[in-house]
Amino acid sequence: MSATIYQPSADFVQKAHVAGMAAYEALCKEAETDYQGYWGRLAKELISWKTPFTKVLDESNAPFFKWFEDGTLNASYNCLDRNVEKGLGDKTAIIFEADGGEVTKVTYSQLLAKTCQYANALKSLGIQKGDRVVIYISMSIEGVAAMQACARIGATHSVVFGGFSAQSLRDRIEDTGAVAVITADNQVRGGKLLPLKSIVDEAIALGGCDAIKNVLVVKRSGADIAMTAGRDLWMADVADQQATTCEPEWVSAEHPLFLLYTSGSTGKPKGVQHSTGGYLLHAALTTKWTFDLKQDDVFWCTADIGWVTGHTYITYGPLALGGTEIVFEGVPTYPDAGRFWKMIQDHKVSIFYTAPTAIRSLIKAAEANDAVHPKSYNLSSLRLLGSVGEPINPAAWEWYYEHVGGSRCPIVDTFWQTETGGHMITPLPGVTPMVPGSCTLPFPGIQAAIVSETGEDMPNGQGGILVVKRPWPSMIRNIWGDPERFKKSYYPEDFKGKYYLAGDGAIRDEKTGYFTITGRIDDVLNVSGHRMGTMEIESALVSCTELVAEAAVVGRPDDTTGEAICAFVVLKRALPNTDEGKAIAKQLRDHIAKEIGPIAKPKDIRFGENLPKTRSGKIMRRLLRSLAKGEEITQDISTLENPHILGQLGQAY
Ligand code: 6R9
């Protein structure tokens, strides 16, 4: 662990929502002495209930925990109406900046009106409580309104990131049984017009999306697109004539607010199911305590609404607190790598939350060109920085702290997952002395711990498996349609079914007890903060049946993306020469982009007549990992059936 400790300034501590270590410890103590009382108190303070809950936690059907179940509420009411009722109707809710730089602002009243029109539009098409709606759209006010509109009528949304392919989109539409898709004609990223609607068409044409009745299309570019009569409708044609009010559908706290697909250790992504009440509570609470959000802040989370970070810290958390936030359509490097810094300057952003991979790529650009260095911009509006998605290396942390935060802003390195709904282990900015590379201490009330493979507590200083010992309000409720897989993935028998298994390894510092995440312990890679299952990529490769006989995928460290994907491929034909190898590698990358999406393209592809296997036929993955890193093979290879293969696998395409 890095030796330097960074203290939050006295001024920051003084004004913070949670101010000082004693306040943090008091909250942890409260949770420890009366777990249900603690969460019940916060649920009453942060959430407006239509009918109050009488019971906080129901553990009778563990691990299918229920929180606040007999309470009713509406997430969209909590994010929109109640802010208007509090007098914040004219306050800016969203500052949208388009890829090309055009800025559009909406107030809480306007966002509420738009959400109601969308909600009425959905209802006019027969969509109702419990239906699933897939949203395939880029970063936009309309995207946030579409999510809020689903929440308003009790429809469960499932947002699919706009970078996923038709095949991936189809799989998600089929698995959710969605009745409608909300999309846009196009998306614009980095100055390029990219398709959305035509990919929806392709996805539906692949078959299996039988429940789909309508595709609603938001106009972004106005470019010509095909519309299927009877199925496809322009959102404006349906929504503009609708009333700007819509009575919220009051749902049980356990009603599924959304499904979000994420990678696991098998080939099939899992539909992580979140609740309404417990999820919204943690979204609001973590936005308040971890980001210390106040009424005059301008909050910017750079994540896409297609990922969980965009759900919790764009669509729900900041709006539930009546905050003002940025929604950005574009990419950090367009028109140049100073875009983030320019936007912070232009919009006087005070809280900035991004991913280590973005920071690392912007460091490179800034070091090569002063014009895109943060020092060339006025970033004095910033008061807090955050990091999410993967471990942040101390060098990137220090650069972020010094050059972006002016050595004045605390950094919250927030560890959490799609499944956890919100922050789990993180500094609180007015509390925690920071150590670069460590996500420090559990959020108050979260019982994070490190255990051995049999579930026994590990002493500090010794690494182990990260678990959460008690259920918490925003935890995953189920894997959509697959409760057995839910139990097996998160509450496996060897932990006596007791603890939530995060899938990460971690270690606690001997002195401070601080947590450092050491990486996934399953077959999941983290590439630029995006979760990718190795088996998912392997199945995409072998589905290229004309070329591929067998494939194995491993990760290797990468300076910019954290991890990089390396594929080892056995072709159905003879080993290629260099030119052939290049051409085939391109073909395979294109194939993966089609099967999953461009984010899953391997950085390295290596060919062999076989994969290194033991005599019993098991692929020796540790050897593949060494090869991928370019390490000399020092391991014992005496059990290897075919050692000559190692020589062939040396060349990466
Ligand atoms: C929110 C999000 C979850 C996985 C998680 C872990 C890694 C996320 C991290 C971190 C170290 C952090 N991860 N935040 N590792 N430090 N601050 O990223 O969700 O896409 O589901 O990824 O990301 O490995 O298990 P998700």
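This text goes through a predicted model, starting at the ligand and then turning to several helices and single residues.

The ligand has 17 residues around it, and those that come nearest are D413, T418, D504, R520 and R531. Sorted by class, this shell holds 6 nonpolar, 6 polar and 5 charged residues. Three secondary-structure elements, α11 (308–320), β20 (411–414) and β25 (515–520), each supply at least two residues of the shell.

Several polar atoms of the protein lie beside the ligand. A polar side-chain atom of D504 is 2.4 Å from an oxygen atom of the ligand. For T418, an N or O atom of the side chain lies 2.5 Å from a ligand oxygen atom. With E390 the backbone takes part: one of its N or O atoms is 3.5 Å from a nitrogen atom of the ligand. On its own the ligand has 530 Å² of accessible area, and the protein covers 95% of this.

The UniProt record, an unreviewed entry, places the feature "binding site" at G389, E390, P391, D413, T414, F415, W416, Q417, T418, D504, R520 and R531. Two of these positions, G389 and R531, can be followed further into the model.

G389 sits in the loop between β19 (384–388) and α14 (394–404). Its relative accessible area is 34%, so G389 counts as partly exposed. Apart from neighbours within four places in sequence, G389 is in contact with N526 and G529.

R531 belongs to strand β27, which spans residues 530–533. Is R531 buried or exposed? It is buried, because its relative accessibility of 16% is under the 20% cut-off. Not counting residues up to four places away in sequence, R531 touches T262, S263, K270, Q417, T418, E419, R520, V524 and L525. With T262, the side chain of R531 also forms a side-chain polar contact of 3.3 Å. Among the residues that R531 touches, T418 and R520 are also listed with R531 as coming nearest to the ligand.

Next come the helices. In α7 (residues 166–176), the buried residues are A166, S168, L169, R170, R172, I173 and T176. What do the buried residues of α7 pack against? Their partners are the strands β6 (132–136), β7 (156–159), β8 (180–184) and β14 (258–262), together with the helices α8 (197–205) and α17 (578–595). After α7 comes G177, with a positive phi near 65 degrees.

Helix α12 (residues 339–347) has R339, F340, W341, M343, I344 and H347 buried. K348, just after α12, takes a positive phi of about 50 degrees.

A third helix, α10 (residues 277–289), contains H282. The relative accessible area of H282 is 0%, so this residue counts as buried. Leaving out residues up to four places away in sequence, H282 touches W39, G422, H423, F443, I446 and S474.

Two loop residues remain, E254 and K618. E254 is in the loop between β13 (251–252) and β14, and β14 is one of the strands against which the buried residues of α7 pack. With a relative accessible area of 14%, E254 is buried. Which residues have polar atoms beside the side chain of E254? The backbone nitrogen of W67 lies 2.7 Å from a polar atom of that side chain, and the side chains of E254 and R477 are joined by a polar contact of 2.9 Å. Both W67 and R477 are in the contact list of E254, which also includes F65, K66, E69 and S275 and leaves aside neighbours within four places in sequence.

K618 carries an annotation: UniProt, in an unreviewed entry, places the feature "modified residue: N6-acetyllysine" there. In the model, K618 lies in the loop between β30 (604–608) and α18 (621–629). K618 counts as exposed because its relative accessible area, 59%, is over the 50% cut-off. Residues up to four places away in sequence aside, K618 touches P612 and K613.

Conventions
Residues numbered from 1 in each chain as written. Predicted model: local features only at pLDDT ≥ 70, side-chain atom pairs only at ≥ 80, totals over all residues. Heavy atoms only, no water. Near = heavy atom within 4 Å. Polar contact = N/O pair within 3.5 Å; in protein donor to acceptor, adjacent residues only side chain to side chain. Areas by Shrake-Rupley, 256 points an atom, 1.4 Å probe, with all protein chains shown as cover. Helix = DSSP H or I, 4+ residues; strand = E, 2+ residues; numbered from the N terminus. Nonpolar A, V, L, I, M, F, W, Y, C, P; charged D, E, K, R; others polar. UniProt positions renumbered as here; feature names shortened; annotations may be inferred. Buried < 20%, exposed > 50% of the residue type's maximum accessible area, 1.4 Å probe, protein only. Contact = heavy atoms within 4.5 Å.
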